Amino acid sequence: MLNPMSVMVLLDAEFRRLVLWVPVLLALGALAYFLWPYEPGLLGGVGVPAGVVGLCLGACFYWRQSLVARLAGGAGVALAVGFGAAWCAAHRQPPMPELPRRGTEISGIVRDVAFFPAPTGQGGAVRRVTLAQVVLHDFVDDGMAPLRRTLAIRLVQNDSALLAPGDGVRVRTMLQPPPFPALPGGRDRQFEAWFSGQAGSGYALEPVQVEPGAQGRVSGFWQGVATVRGRVNARVRAVLPGPSGAVVATLLDGRAEAVPQDVREDFAASGLAHLLAVAGLHLGLVIGAAMLVCRMALAAWEYAALRWPCKALSAFVAWGVGGGYVLLTGVHLPAVRSWLMASVVVLGLVVGRRAVSMRGLALAATLMLLVAPQVVLDVAFQMSMAAVMALVAGYELLQPRLTRGLSGLTGAGHGLARHGVMLVLTSLLAGTATLPVVMAHFGVVQPFFVLANLLAVPLMGVWIMPLGLAALVAMPLHAEAPFLYLMDAGVRVVLWLARSVAAWPGARMEVPAMPGWGLAGVLLGLCWLCLWRGRGGGGGEGEGLMG
């Protein structure tokens with residue numbers, strides 16, 4: 001049993017690492033707001049947290065000689081800031097309109113165009129357009145101001161109208177608001193729609209009419225990004241029309257809607273579903289390839305190699321390429337988190353500090369929770385943060401031991417053994433850390449994920465993603481076809497691997513539903529194992545998981 005003096009010794013030993021708990025406390029504060037039994041008003045959402053922050057800061061100043069008082073005050077500040085940030089994020093969203101439940105003619109500006117596989121036996125593809133500045137044309141809403149939220153409309157299958165971001169359209173539709181959760185604790189599409197700026201969805205009752213005089217600009221920059229994404233998708237679909245082409249398009253522009261359902265199920269059952277969600281793996285491969293090419297080019301230029309900081313310049317170029325890839329793939333949450341981490345890595349390389357660290361992850365998580373605290377309930381955020389935290393902590397502990405264990409090997413054997421062990425370790429750490437999240441949100445376990453990733457991830461790194469980057473560079477010259485064909489060959493191998501592993505007995509096992517408090521407890525335990533070094537953490541006497 002620990003006495004107060006032992007507690008003080010432990011806290012003093014962990015003093016420099018206690019800042020890593022700031023994003024954990026911010027997440028708990030935001031979670032408290034989202035689980036609050038009623039909606040607090042301005043006083044409860046802003047006034048009370050501001051008062052708590054003031055009291056905690058005053059206590060820290062008054063008892064500044066006491067470590068416990070400063071820690072308690074800092075924890076109170078983080079919890080209150082998380083609660084207040086969540087309240088502000090919820091209340092700055094535009095109001096949710098009441099949509100008509102009858103056939104209604106609408107007009108709006110195309111923000112995005114996506115493709116879905118048609119129902120079985122009907123062939124072709126179905127388009128879905130995201131409309132902004134929507135106006136409802138009926139006797140009730142005549143003369144209304146444009147909606148401040150977007151609508152996602154599924155077009156009729158035989159609609160051949162050419163649509164691009166910025167086009168004005170008019171169509172008769174059936175609209176519906178975001179649906180309720182299908183079961184208690186299930187996916188809450190109303191919550192997602194509120195924070196994503198969506199008013200609802202619907203389907204067209206007739207072909208869409210393009211209004212030539214109604215072209216508008218939702219946003220010049222984002223319209224340009226959407227246009228580039230649409231052109232990349234069209235180029236890929238023109239060269240590779242099959243299921244593998246849909247996977248290639250997903251890797252290059254982030255649109256996973258066109259991937260057939262049977263392919264999705266194979267990837268999920270084999271533990272390769274993360275390959276269809278553009279995240280840290282893809283961004284890391286893109287940044288790594290860009291940095292390697294840039295550094296080799298600078299090294300080949302004698303003047304630059306002798307006079308310029310080639311490593312830092314290459315990191316900056318790769319960081320910019322990674323930012324462009326995040327924009328091209330739709331600015332998804334895991335990719336944004338990875339890009340923020342990459343920003344910290346680049347800064348570390350420039351100033352000569354450690355590039356990948358738990359502090360960088362904590363900084364990225366803090367920024368995301370302050371800007372968009374609703375991500376605390378997002379499965380992608382939970383999985384990505386758990387995986388990266390486990391990887392950083394695991395490598396800090398195990399990499400020196402692996403280096404000593406492989407020191408007896410030399411030459412090619414050392415390189416192959418090292419990469420093989422690193423792949424196994426990466427799959428085990430990331431897969432084990434995200435397993436509780438998968439069980440809680442999807443109710444399944446994929447026991448063969450390590451075997452599938454041992455082949456798929458290296459293929460992604462050395463073949464598929466480098467060729468994808470080459471295809472993107474060649475697209476302005478209309479020379480992307482050879483690279484896309486070669487990329488497709490690698491994707492077909494991954495598809496075969498996913499289909500083969502998914503066919504094994506027990507590849508996808510269903511598990512009982514996990515309550516929310518159970519998932520929260522598991523994630524807090526993971527944070528304890530990864531962030532706490534001293535006694536009582538993940539290890540034995542005097543040594544935690546990070547020790």
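# A quick tour of a helix-rich fold

The protein has 18 helices and eight strands. What you're looking at is a predicted model, so keep an eye on the confidence scores as you go. Of its 547 residues, 44% count as buried. The accessible surface adds up to about 27800 Å², and 66% of that belongs to carbon and sulfur atoms. If you look at contacts with a separation of 6 or more, 74% of them link residues 24 or more positions apart.

**How far to trust the model**

- The mean pLDDT of the protein is 83, with 89% of the residues at 70 or more.
- Helix α1 (residues 4-13) has the lowest mean pLDDT among the elements, at 65, while helix α2 (residues 22-34) has the highest, at 95.
- Watch out for residues 538-547: the pLDDT there is below 50, although the stretch has 31 contacts in the model beyond near neighbours in sequence.
- As a rule, predicted coordinates should not be read in detail where pLDDT is low.

**The nonpolar cores**

- The largest nonpolar core has 49 residues, and the members that touch the most others are Val 236, Val 248, Leu 252, Phe 267, Leu 272 and Leu 484.
- Several helices give two or more residues to this core, including α6 (220-239), α7 (243-253), α8 (261-269) and α17 (481-502).
- Which helix gives the most to this core? That's α16, with nine residues.
- Take Val 236 as a sample member: leaving out residues up to four places away in sequence, Val 236 touches Gly 245, Val 248, Ala 249, Leu 252, Met 475 and Leu 484.
- There's also a second, separate core of 42 residues, with Leu 20, Trp 21, Val 24 and Met 389 among them.

**Helix α7, under cover**

- Helix α7 is mostly covered, with 10 of its 11 residues buried.
- The buried ones include Ser 244, Gly 245, Val 248, Leu 252 and Asp 253.
- What does the covering? The list includes α6, α8, α9, α11, α16 and α17.
- Right after α7 comes Gly 254, which has a positive phi, near 75°.

**Strand β3 and its partners**

- Strand β3 (residues 150-154) has four of its five residues buried, so the rest of the structure largely encloses it.
- On the antiparallel side of things, strand β2 (residues 125-137) is joined to β3 by four bridges. One pairing to find is Thr 130, whose bridge partner in β3 is Ala 152.
- Strand β5 (residues 198-204) runs parallel to β3, and five bridges join the two. Here, Leu 151 stands opposite Gly 200 in β5.
- A handy general point: side chains in a regular strand alternate between the two faces of the sheet.

**A closer look at Ser 427**

- You'll find Ser 427 in helix α15 (residues 411-442).
- Is Ser 427 buried or exposed? Its relative accessible area is 11%, so Ser 427 is buried, the cut-off being under 20%.
- Not counting residues up to four places away in sequence, Ser 427 touches Thr 432, Phe 449, Val 450 and Asn 453.

**Salt bridges**

- In general, side chains of opposite charge can pair when their charged atoms come close. This structure holds nine salt bridges.
- Arg 101 and Glu 98 form one of them, at 3.7 Å from N to O, and both residues are exposed.
- Glu 192 and Arg 187 form another, with their closest N and O atoms 3.0 Å apart. Glu 192 counts as partly exposed at 34% relative accessibility, whereas Arg 187 counts as exposed at 53%.
- Glu 480 and Arg 235 also meet through their side chains, at 3.4 Å from N to O. Glu 480 sits in the loop between α16 and α17 and Arg 235 in helix α6, so this pair ties together parts that are 245 residues apart in sequence.
- Within that pair, Glu 480 is buried, with a relative accessible area of 7%, and Arg 235 is partly exposed at 24% relative accessibility.
- Finally, Glu 105, Arg 170 and Glu 211 are joined into one network by salt bridges that share partners.

Note on methods
Residues are numbered from 1 along each chain as its sequence is written. This is a predicted model: local features need pLDDT of at least 70, side-chain atom pairs count only at pLDDT 80 or more; totals for chains, interfaces and linings use all residues. Side-chain values use heavy atoms; hydrogens and water are left out. A nonpolar core is a set of buried Ala, Val, Leu, Ile, Met, Phe, Trp, Tyr and Cys residues joined through side-chain atoms within 4.5 Å. Buried means under 20% relative accessible area, exposed over 50%, partly exposed in between (1.4 Å probe, protein chains only). Contact means heavy atoms within 4.5 Å. Accessible areas come from the Shrake-Rupley method with a 1.4 Å probe; for residues, only the protein chains shown count as cover. Two strands pair if DSSP finds at least two bridges between them. pLDDT is the predictor's confidence in each residue, from 0 to 100. A salt bridge is a side-chain nitrogen of Lys or Arg within 4 Å of a carboxyl oxygen of Asp or Glu.
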